[in-house]
Amino acid sequence: MRVVTWNLWWRFGPWERRRKAILAVLRDLRPDVVGLQEVWACGGENLAEWLADELGLYWTWAASEAPEWWQRRLGDSTVDLGNAVLSRWPVVDRAVVRLPKPDGEDDGRLALYTRLDAPTHPVPFFTTHLTSLTHASAVRCEQVRVLAGFVADHRGGTAFPPVITGDFNAWPDSDEIRLFGGYKTAPAIPGQVFLDAWEYAAPGTPAATWAAANPYIKPGNPDVRLDYIHVGPPGPDALGHVRSVHRAGDGPVDGVWPSDHAAVVADLAPVPVPRP
């Protein structure tokens, strides 16, 4: 099962050319399920819907209830923002949770849950986007506590481990990532842990999803991995375990970079792998 997470940089920059580049990358990857952040909707058109139609996938999205912070940055109050899921399989359940906001202004962060009717086991799949303020680690810790509880409430009824994707806006060794994972410090929910899929990457694999080589990144920013695919411990006979992981969308397509973030791609075992 191929899983992708990708922040699509909303409607910034050359967005009309960028969305064609985004489509080209996803078409090449042939994902089974995609978690998307910074998805735009405007004038009856939705980027996630357009991608799903082009790729032959199901889709759902959750609009931010507080898009004003974003709209001021763009200079256009008519464009909405949200998270979305594209899936090869029907979405049979969904829910949304608002995340805690920084002091001063609500930046409209949320998490979206979907249950996917995959052929062998239902898949509990989540995507989220945490606050981006560099100094706001404490806020992100509050957000991942809410996110962990949200996952705990919706992960049951299947042997397939929960899959949580998103732009966490946090370094891999940060308090918020360690707290959410729950295996390098006490977990946010007692007994609940999630594995960072990137720990299964081949040594030396380029990891930064926010990198200076991208022309949309302002000079002076360090290369860092901000985007994650987290997976619960494998189910029976290694169901859902991470087989491989790599970066995608990390270069220009027909002369334009698709987004200011690279995507993360993980291949998970879709069926149990019996022991010999």
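**View 1. A look into the largest cavity of this predicted model****.** Here are the residues around the largest cavity: E38, S64, W70, L81, G82, N83, G108, R109, L110 and H129. Strand β5 (residues 80-87) chips in with three residues, the largest share of this lining. Sort the lining by class and you get three nonpolar, five polar and two charged residues. As for room inside, the largest cavity holds about 60 Å³ of space. If you're hunting for others at 30 Å³ or more, the count for the structure is one cavity.

**View 2. The largest pocket and what lines it****.** This one has a volume of about 690 Å³. Its lining runs to 25 residues, and R73, S132, N169, W210 and D260 are the closest to the pocket's centre. Which helix gives the most to the lining of the largest pocket? That's α3 (residues 68-74), with three residues. The class split for this lining is twelve nonpolar, seven polar and six charged residues.

**View 3. The six-stranded open sheet****.** Follow the strands across and the order reads β6-β7-β8-β9-β11-β10, with mixed pairing. β6 and β10 (195-196) sit at the edges with a single partner strand each, so each has one side left without a neighbour in the sheet.

**View 4. Zooming in on the β9 and β11 pairing****.** In what sense do β9 and β11 pair, and over how many bridges? The two strands run antiparallel to each other, and five bridges join β9 to strand β11 (residues 227-231). For a spot to centre on, take G166, which stands opposite Y228 in β11.

**View 5. Helix α4 from end to end****.** This helix takes in residues 137-154, 18 residues in total. At 1.5 Å a residue the helix should span 26 Å, and that agrees with the 25 Å between its end C-alpha atoms.

**View 6. The buried residues of α4 and their cover****.** Buried along α4 are V139, R140, C141, Q143, V144, L147, A148, G149, F150 and V151. As a reminder for reading such a list, an α-helix has 3.6 residues a turn, so residues three or four places apart point the same way. What covers the buried residues of α4? The cover includes the strands β6 (91-98), β7 (110-116), β8 (123-129) and β9 (163-167), along with the helix α5 (175-181). Those four strands also turn up in the open sheet of View 3, in the order β6-β7-β8-β9.

Notes. Residues are numbered from 1 along each chain as its sequence is written. This is a predicted model: local features need pLDDT of at least 70, side-chain atom pairs count only at pLDDT 80 or more; totals for chains, interfaces and linings use all residues. Side-chain values use heavy atoms; hydrogens and water are left out. The expected span of a helix is 1.5 Å times one less than its number of residues. Buried means under 20% relative accessible area, exposed over 50%, partly exposed in between (1.4 Å probe, protein chains only). Contact means heavy atoms within 4.5 Å. On a 1 Å grid over the protein atoms alone, a cavity is a set of points where a 1.4 Å probe fits but cannot get out, and a pocket is an open set with protein on both sides within 12 Å along at least five of seven lines; lining residues have an atom within 4 Å of a point. Grid points are joined across faces, edges and corners, and a volume is the space filled by probe spheres set on the points. Ala, Val, Leu, Ile, Met, Phe, Trp, Tyr, Cys and Pro count as nonpolar, Asp, Glu, Lys and Arg as charged, and the others, Gly among them, as polar. Two strands pair if DSSP finds at least two bridges between them.
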